[in-house]
Amino acid sequence: MAGADPGARIGELLDRLGREAGPRARETADELVRSVVEFYGEGLARTVRLLRSAPAGSDPLAVLTADELVGDLLILHDLHPEDTMTRVGRALDKVRPYLGSHAGDVEVAGLDIEAAEGPVLRLRLRGSCDGCPSSTQTVRWTIEEAIARLAPEIAHIEVEGVTEAPAQQPLLQIQPRPPADAPGAPTPPAAAPEPSHWHTLATPALPAHDHATRVADVEGNALLLVRLPGNLYAYRDRCPGCGADLRTAPLDGEFLRCADCAARFDVRHAGRGERTHLEPLPLLEEEGAVRVALPELLGAGP
């Protein structure tokens with residue numbers, strides 16, 4: 001209301017809600033208002049810190065949009081200097097190096113901003129991960145996370161061409177925040193895996209140089225990290241053939257060889273072996289930070 005005290009108006013609305021809906025509704029509304037105030041307060045605090053510490057001559061908008069929280073606030077109020085498609089393009093550029101090992105490349109097939117459920121993004125993948133279900137899931141979660149961080153207004157994502165699967169396979173459906181199902185999961189839907197959970201890996205947990213491996217423990221799960229020129233890869237630390245761990249597995253070029261059963265796996269191509277696949281995990285490497293996801297399937301062995 002122009003000319004009115006916003007704080008007083010909010011107080012009036014909360015009092016009315018308490019009278020009409022009862023004290024429990026009033027308590028919930030109070031908590032909601034506190035959360036919103038804290039959210040905007042943190043955004044304002046970050047804005048001040050970012051502008052104060054920005055190098056001389058830097059673009060203030062570029063400084064602010066580089067911060068995820070402040071960028072989200074700018075998007076929410078239609079103040080972000082980049083439109084949705086520009087930010088989607090930047091998100092896909094971040095995951096392309098990773099997709100190269102799993103499904104080739106990705107392109108935008110369309111954006112429907114008038115859809116009833118909110119903006120719907122349609123993507124098309126070129127290439128194949130040779131039908132490996134776990135590779136399909138890692139592609140799904142990696143795209144989802146990258147899009148959600150840079151274009152949170154996208155409500156729904158559809159992806160074609162994740163694998164060279166039999167005809168009649170439905171489109172891969174991706175939600176911007178955690179998926180409720182997963183491609184290749186058995187029916188009924190209740191059997192689908194849980195959403196992925198993303199974790200940041202500290203530098204000491206990473207391989208120190210190219211053609212090196214390191215095992216990291218994340219919430220009790222052993223992850224095998226493999227660094228090849230240009231990319232870092234994450235797999236479950238378990239040979240799918242014999243069940244042995246892979247922490248002593250030697251690297252032969254871009255192939256990992258199990259020390260127990262001598263099975264070879266192509267690190268760059270989703271851990272593909274002659275008869276089995278390593279279990280790849282979603283990984284994003286951006287601005288010096290490495291983030292890896294732990295889908296529920298990690299806890300279950302073959």
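Buried means under 20% relative accessible area. That cut-off is used throughout the exercises below, which work on a predicted model.

**Exercise 1. Overview**

Task: State how many helices and strands the protein has, and what share of its residues is buried.

Solution.
- Step 1. The secondary structure comes to 6 helices and 13 strands.
- Step 2. The chain has 302 residues, and 40% of them count as buried.
- Step 3. Take the contacts between residues at least 6 apart in sequence. Of these, 50% join residues at least 24 apart.

**Exercise 2. The sheet around β13**

Task: Work out the strand order of the sheet that holds β13, and find its edges.

Solution.
- Step 1. Three strands form an open sheet, in the order β5-β13-β12. Their pairing is antiparallel.
- Step 2. β5 (198-201) and β12 are the edge strands. Each has a single partner strand, so one side of each lacks a neighbour in the sheet.
- Step 3. From one strand to the next, the twist averages 25°.
- Step 4. Now count the bridges. β5 is joined to β13 by 4 bridges. β12 is also joined to β13 by 4 bridges.
- Step 5. Place single residues. Leu201 has Val290 of β13 as its bridge partner. Leu283 stands opposite Val292 in β13.
- Step 6. Check the cover. In β13, 4 of the 5 residues are buried, so the strand is mostly covered by the under 20% cut-off.

**Exercise 3. Arg291**

Task: Decide whether Arg291 is buried or exposed, then list its surroundings.

Solution.
- Step 1. Locate the residue. Arg291 sits in strand β13 (residues 289-293).
- Step 2. Its relative accessibility is 10%. The cut-off is under 20%. Arg291 therefore counts as buried.
- Step 3. Look for a polar partner. The side chains of Arg291 and Glu145 are joined by a polar contact of 2.5 Å.
- Step 4. Set aside the neighbours within four places in sequence. Arg291 then contacts Glu145, Arg149, Trp198, His199, Thr200, Pro282, Leu283, Leu284 and Glu286.

**Exercise 4. Leu281**

Task: Place Leu281 and determine whether it is buried or exposed.

Solution.
- Step 1. Leu281 lies in a loop, between β11 (264-266) and β12 (283-286).
- Step 2. The relative accessibility of Leu281 is 1%, so this loop residue counts as buried.
- Step 3. Relate Leu281 to Val292. The two are 11 residues apart in sequence. In space, their C-alpha atoms are 7.0 Å apart.

**Exercise 5. The sheet β6-β7-β8**

Task: Describe the pairing in the sheet of β6, β7 and β8, and name its edge strands.

Solution.
- Step 1. The sheet is open, with 3 strands in the order β6-β7-β8 and antiparallel pairing.
- Step 2. At the edges are β6 (212-218) and β8 (231-236), each of which pairs on one side only.
- Step 3. Neighbouring strands here are turned by 25° against each other on average, direction ignored.
- Step 4. β6 and β7 (residues 221-228) are joined by 7 bridges. One pair to find on screen is Ala212 with its bridge partner Arg227 in β7.

**Exercise 6. Packing of α1 on α2**

Task: Classify the packing of helices α1 and α2 from their axes, then sort the residues at their contact.

Solution.
- Step 1. Two packed helices are described by the angle between their axes and the distance between the axes.
- Step 2. The axes of α1 (residues 6-21) and α2 (residues 23-53) come within 7 Å and cross at roughly 155°.
- Step 3. Angles over 145 degrees count as roughly antiparallel. So α1 is roughly antiparallel to α2.
- Step 4. List the contact. From α1 come Ile10, Leu14, Asp15, Leu17, Gly18 and Ala21. From α2 come Pro23, Ala25, Arg26, Ala29, Asp30 and Val33.
- Step 5. Sort these residues. The contact holds 8 nonpolar, 1 polar and 3 charged.

**Exercise 7. Helix α4 and its ends**

Task: Find which residues of α4 are buried, and inspect both ends of the helix.

Solution.
- Step 1. α4 covers residues 68-76. Leu69, Val70, Gly71, Leu73, Leu74 and Ile75 are buried in this helix.
- Step 2. Go to the start. A side-chain oxygen of Asp67 reaches to within 3.1 Å of the backbone nitrogen of Leu69.
- Step 3. Go to the other end. Just after α4, Asp78 has a positive phi of about 55°.

Terms used:
Residues are numbered from 1 along each chain as its sequence is written. This is a predicted model: local features need pLDDT of at least 70, side-chain atom pairs count only at pLDDT 80 or more; totals for chains, interfaces and linings use all residues. Side-chain values use heavy atoms; hydrogens and water are left out. Two strands pair if DSSP finds at least two bridges between them. Helices (H or I, at least four residues) and strands (E, at least two) are DSSP runs, numbered from the N terminus. Axes are lines fitted to C-alpha atoms, for helices over the stretch in contact, and angles run from 0 to 180 degrees between N-to-C directions. Buried means under 20% relative accessible area, exposed over 50%, partly exposed in between (1.4 Å probe, protein chains only). A polar contact is a pair of N or O atoms within 3.5 Å; within protein, one must be able to donate a hydrogen and the other to accept it, and residues adjacent in sequence count only if both atoms are side-chain atoms. Angles under 35 degrees count as roughly parallel, over 145 as roughly antiparallel, 65 to 115 as roughly perpendicular and the rest as oblique. Contact means heavy atoms within 4.5 Å. Ala, Val, Leu, Ile, Met, Phe, Trp, Tyr, Cys and Pro count as nonpolar, Asp, Glu, Lys and Arg as charged, and the others, Gly among them, as polar.
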